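This report walks through a structure of two chains, moving from strand pairing to cores and then to the contact between the chains. Please keep the sequence and the model open while reading.

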Amino acid sequence: MSTLQRPSSRLLIAALVAAACVIVGDVRQASATQTPPNTVISNTSSAGYSDAANNNYTTNSNTVTVTVQNAPSILLTPSSNKTIAPGQTITDAFTIQNTGNAAGDVQITAGGVTGTGNDNSYATGATWSYTYGGTTTTAGDLTTLNGDLAAVQVPAGLSIVVSVIYPLQLLATSGGMVTTGVTGTITYAVNGAALAQTSTPLPSALETDTVKADVRIDVALAQSQNAGTGVITYTLAAADGTATWGARDSAAVKLLLGSGTQGVFISAKVPQFNSAPLAISGTAVASTGSTAFGYPVSGATATIYYTTNATGAGGSWTSTTGAIGAGATYIGVFITGGTCTINGASMPNVEICPAASPNSTPGNVSNPAITLTFSVVQPSGTGSADANSISTIANSIIGDNATTEHVIAPGITINTLQDSTATIASVTSGVQGINNATAVNAPSGASNVMQIQALAQWVVLNGPYGNAAATGQYDGLFTNDNSHDFTAVSFGSGTYTTTNPTAGYSATTSSTTTAGATVPVENTIQNIGNHSDSYTIVAQAPAGWKVFIETDPSPGTGTCAGAASFGGSALSALGGTSTSSGYAVPSGTSLNYCAVYTAPSVTYLSHAIGSVVATSAGGGTGLGVNSTYHLLYAGFVAITTTQTVTSTGCNSGVVVPASGVCPTGVIQYTVDYHNVVNPLDTSNAQEQSFKGVMTKAGTLVITADGSTGSGLGNNWGAFSGGASQPTDTTGATNSVFAYYTGAAAGTGPTAVWQAGVTKFTAQIGGPTFQLVPALYGSGVSQGTITYSVTVS
Amino acid sequence: MTYARAAAALFIAALPLFAAAAAVAKPVVVVTLAQATVVTAADGTSHLAPLDGSAPVGSGTAIRYTVSAKDTGTDAARGLALSGRIPEGTAFTPGSVRGPGGHAEFSLDGKSFSPRPMVKVQTPAGEIMQAADPGQYVMIRWVKDGLLDAKSSIAFSYDVRVK
């Protein structure tokens with residue numbers, strides 16, 4: 001077909017061409033909008049030309065047409081690759097744009113956690129959701145998702161977002177990757193001449209999420225002690241040990257400090273001694289670190305809290321500006337309201353940010369984001385100075401990325417929250433995660449354990465058995481105190497003789513002991529210092545004596561083994577010392593030991609003085625040294641019985657042998673008693689110190705029992721029918737006699753002399769009498785009881 | 001009217017008659033428009049497939065329009081320019097113009113043509129001129145060099161893609 005038109009001027013055409021170089025005005029806008037189905041596209045062409053006479057002609061062509069069909073197509077775009085954390089639930093969104101020319105239904109034919117991510121196996125249990133028109137709908141599994149999507153008509157050019165939601169297990173490791181993707185189609189229904197069409201399944205690009213270890217708050221506890229006062233100062237420092245995540249608000253903290261709070265909390269247990277928290281000294285101080293170390297740039301506040309509750313239970317905490325109430329059991333600092341930049345995005349409600357250059361490790365924080373400082377008074381009492389008697393640990397409670405809040409705190413038990421081992425705790429409302437029993441082990445949230453002890457006080461008591469604190473004045477010369485206390489011990493003196501038994505007491509009276517006789521003396525050491533100690537015991541033997549030390553094998557019996565095998569020392573030289581070391585005595589406890597003396601087999605005076613010095617291994621001066629003394633008595637009252645036949649009773653002419661007697665003969669017994677202490681013996685200084693030794697009032701009782709045996713036994717009672725009443729030279733009538741009759745045990749006593757007496761006792765001088773040493777200056781040092789029997 | 005004037009008027013009135021007698025030699029160009037789809041194989045090669053007007057096409061379909069012209073007259077056509085439209089719902093495919101002995105020009109409004117149409121664009125720095133997006137083209141014209149001899153033909157083609 002053609003249409004001829006009147007020619008126009010070629011000049012006019014040229015002018016139009018030139019003007020077309022610049023077009024301003026109504027032009028078609030380039031558009032990506034697709035042509036709707038059933039649109040008829042028609043076209044017609046034309047030709048313009050001229051003839052030799054410059055006549056212009058225009059002619060048109062035929063018209064061709066086509067009709068636009070359904071042309072479904074989609075474009076799938078993943079969201080940006082993410083940095084993810086173990087425990088976190090991640091949503092990977094895929095935008096599905098309808099790039100076709102009509103509205104259609106999107107379907108997901110495959111997808112989820114897919115691809116080659118090496119941590120894909122830790123991302124099982126993925127679910128689906130979709131977002132359209134600003135509304136997000138959880139769809140669960142893929143079947144449900146497609147069922148939902150079938151009801152959504154996505155217009156051409158618009159998009160729907162389908163999300164793969166997967167939980168990342170805690171086993172995922174830093175550096176691992178999880179990949180997700182979807183494959184989708186879109187279907188256009190029949191629309192007029194446009195036929196139903198489904199696009200070719202199209203896979204999206206994969207989204208690759210990189211695993212980074214979750215936030216880890218490193219907490220370090222440091223301590224120092226004032227050398228003068230013993231006050232212990234604790235500094236708790238915390239920082240984020242990762243470069244990836246920050247410590248987030250924790251619902252656990254809300255439960256702990258109250259419903260109006262939400263943030264992160266770092267606390268320290270007030271150290272205890274003997275199950276009681278130590279008293280706080282001064283005020284607590286919270287100091288924020290620089291932002292380079294992770295303290296939020298703005299918005300955050302740090303507040304000190306404390307509680308007196310033994311378990312730090314929720315609701316028991318009190319905020320303070322620094323003054324800590326009496327009986328505080330825990331002190332902490334609460335940080336709230338921070339904003340951090342994490343993975344390039346500004347994130348609110350993150351209270352400790354990733355440090356620019358994190359360099360902390362659990363228990364080692366050199367650049368803290370926050371510090372808390374408080375001091376305690378050192379404890380006193382038994383064991384308080386023992387090594388590590390004071391122990392404490394700090395904790396942090398923070399939220400992290402885990403969907404079910406994963407509280408970083410050891411042993412926390414809060415409702416359905418998880419503890420650091422990812423174990424869902426039992427429902428125990430109000431029990432908080434202030435558990436100071438677990439040391440650092442990332443990501444426990446706990447600090448290092450810090451241990452210290454009170455300044456040591458070395459105090460030892462060394463004294464008589466069972467009474468280490470006894471005071472005394474063993475020689476009357478020194479102060480009556482617990483370093484001059486003494487134990488008086490008597491021992492069998494063996495054979496006692498007097499040099500002139502018929503003349504009675506004289507200044508030269510002496511005694512001897514059996515060679516090698518041992519005299520054990522029990523003693524007790526008590527450690528009343530605050531530190532367990534070890535002692536060196538040095539025993540000093542009296543002149544002429546020997547001594548060694550041993551552990552008391554049978555305390556309280558008055559006897560010792562007498563063998564060095566009981567942890568003892570070597571036997572000393574005569575008059576020497578014996579040293580034994582290493583007697584460990586915990587603070588507040590006692591140890592019994594024996595000093596075992598060996599008496600000399602020489603002329604012996606009545607008594608000697610030994611001593612034992614206990615010296616602390618920890619502090620061997622002052623109160624760390626204590627002595628006790630041993631007064632070794634061989635017995636200072638000598639009793640000598642003699643007999644005289646005052647009448648043989650024999651008929652004349654009878655030859656009577658020496659010491660012989662006939663019936664009706666009379667035998668007179670004389671019992672001499674005297675204090676053998678010889679203060680005039682200036683050869684022995686110790687003897688001099690005993691010049692005051694005398695019997696205790698009323699205790700000198702002499703017994704004459706004539707019924708204890710026959711033959712060589714004491715059997716004068718068998719002749720009691722002829723006995724005569726005894727007399728005593730001391731105290732005249734003051735001496736108190738008691739008489740018994742009958743055989744063996746006899747009957748009595750009675751104060752009345754009578755025939756048949758077989759036994760009597762004499763309290764010499766009565767209840768107030770004391771037998772004093774000769775030359776004591778006053779009093780009686782010697783006396784004689786005389787009684788007779790007539791041989792029947 | 002004088003004689004001279006009357007003679008002149010008669011001459012002028014007779015000119016068409018002379019012209020009619022001389023119109024024996026003149027160009028008569030007939031224009032034909034054809035359409036086909038451009039099918040691109042997986043290996044990148046392409047071929048044309050007939051496109052019946054009754055067969056619907058989908059979005060993205062490439063349509064090649066071929067404008068053919070034949071001078072059925074007795075004289076050569078001078079200054080021949082063949083024009084084709086870029087229909088609504090389609091977009092011109094840049095670089096797809098093919099034709100012998102001539103050059104292509106484009107139009108943004110169907111009136112003015114240029115080998116490279118320009119538009120004014122407002123920028124923060126002020127109003128500037130820049131080349132128009134080919135998607136804005138509404139017409140294309142092939143301007144033949146020289147003459148189209150009588151009884152001769154010429155054709156040029158261009159591609160559009162259904163949006």
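## Strand 35 and its partners

Strand 35 of chain A is joined to strand 39 (residues 590-598) of chain A by 9 bridges, and the two strands run antiparallel. Within this pairing, A:Asn523 stands opposite A:Tyr593 of strand 39. The coordinates come from a predicted model, and this should be kept in mind for everything that follows.

Strand 35, which spans residues 518-527 of chain A, is mostly covered, with 8 of its 10 residues counted as buried. Strand 35 of chain A also pairs with strand 32 of chain A, again in the antiparallel sense, over 5 bridges; here A:Leu461 has A:Gln526 of strand 35 as its bridge partner. In general terms, strands of a sheet pair through backbone hydrogen bonds, in either a parallel or an antiparallel arrangement.

## The loop before strand 32

Which residue of the loop between strand 31 and strand 32 of chain A deserves a closer look? A:Gln453 lies in that loop, which connects strand 31 (450-452) with strand 32 (460-464) of chain A. A:Gln453 counts as buried because 22 C-beta neighbours fall inside 10 Å, the cut-off for that class being 20 or more.

Leaving out residues up to four places away in sequence, A:Gln453 touches A:Ser384, A:Ala385, A:Asp386, A:Ala387, A:Asn388, A:Ser389 and A:Ile390. One of these, A:Ala385, is 68 residues apart from A:Gln453 along the chain, yet the C-alpha atoms of the two are separated by 4.8 Å.

## An open sheet of chain A

Chain A also holds an open sheet of 5 strands, in the order 4-6-10-8-9, with antiparallel pairing. The edges of this sheet are formed by strand 4 (74-78) and strand 9 (135-140) of chain A, each of which pairs on one side only. On average, and with direction ignored, neighbouring strands of the sheet are turned by 25° against each other.

At one of these edges, strand 9 of chain A is joined by 5 bridges to strand 8 (residues 127-132) of chain A, the two running antiparallel. A:Trp128 has A:Gly140, in strand 9 of chain A, as its bridge partner.

## Nonpolar cores

The largest nonpolar core has 90 residues, of which A:Leu236, A:Ala238, A:Ile266, A:Ile331 and A:Ile370 touch the most other members. Strand 16 (residues 232-240) of chain A gives the most to this core, with 6 residues, and at least three residues are drawn from each of domain 2 (74-211) and domain 3 (217-452) of chain A. Apart from this core lies another, of 40 residues, which includes B:Ala76, B:Leu82, B:Ala91 and B:Phe113.

What does A:Ile331 contact, leaving aside its neighbours within four places in sequence? The residues in contact with A:Ile331 are A:Ser267, A:Ala268, A:Val270, A:Ala284, A:Ile304, A:Tyr306, A:Ile324, A:Leu372 and A:Phe374. As a general background, nonpolar side chains in soluble globular proteins tend to be buried together.

## The contact between chains A and B

The contact between the chains takes 48 residues from chain A and 51 residues from chain B. On the side of chain A that touches chain B, the elements giving two or more residues are helix 1 (10-19), strand 1 (22-23), strand 2 (40-50) and strand 3 (56-68) of chain A, and strand 2 of chain A gives the most, with 10 residues. By class, this side of chain A has 20 nonpolar, 24 polar and 4 charged residues.

Strand pairing crosses from one chain to the other as well, since strand 3 of chain A and strand 3 (residues 56-57) of chain B run parallel and are joined by 2 bridges. In this pairing the bridge partner of A:Thr67 is B:Pro56, in strand 3 of chain B.

## The two chains as wholes

Chain A has 4 helices and 50 strands, and buried residues make up 45% of its 792 residues. Among contacts in chain A between residues at least 6 apart in sequence, 73% join residues at least 24 apart.

Chain B has 1 helix and 12 strands, and from the N terminus on the helix is followed by the strands. Of its 163 residues, 37% count as buried, and among contacts in chain B between residues at least 6 apart in sequence, 75% join residues at least 24 apart.

Notes:
Residues numbered from 1 in each chain as written. Chains lettered and ligands numbered in written order. Predicted model: local features only at pLDDT ≥ 70, side-chain atom pairs only at ≥ 80, totals over all residues. Buried ≥ 20, exposed ≤ 12 C-beta atoms within 10 Å, placed from the backbone. Contact = placed C-beta atoms within 7 Å. Nonpolar A, V, L, I, M, F, W, Y, C, P; charged D, E, K, R; others polar. Axes fitted to C-alpha atoms, helices over the stretch in contact; angles between N-to-C directions. Core = buried A, V, L, I, M, F, W, Y, C linked by C-beta atoms within 7 Å. Domains from an automatic or database assignment.
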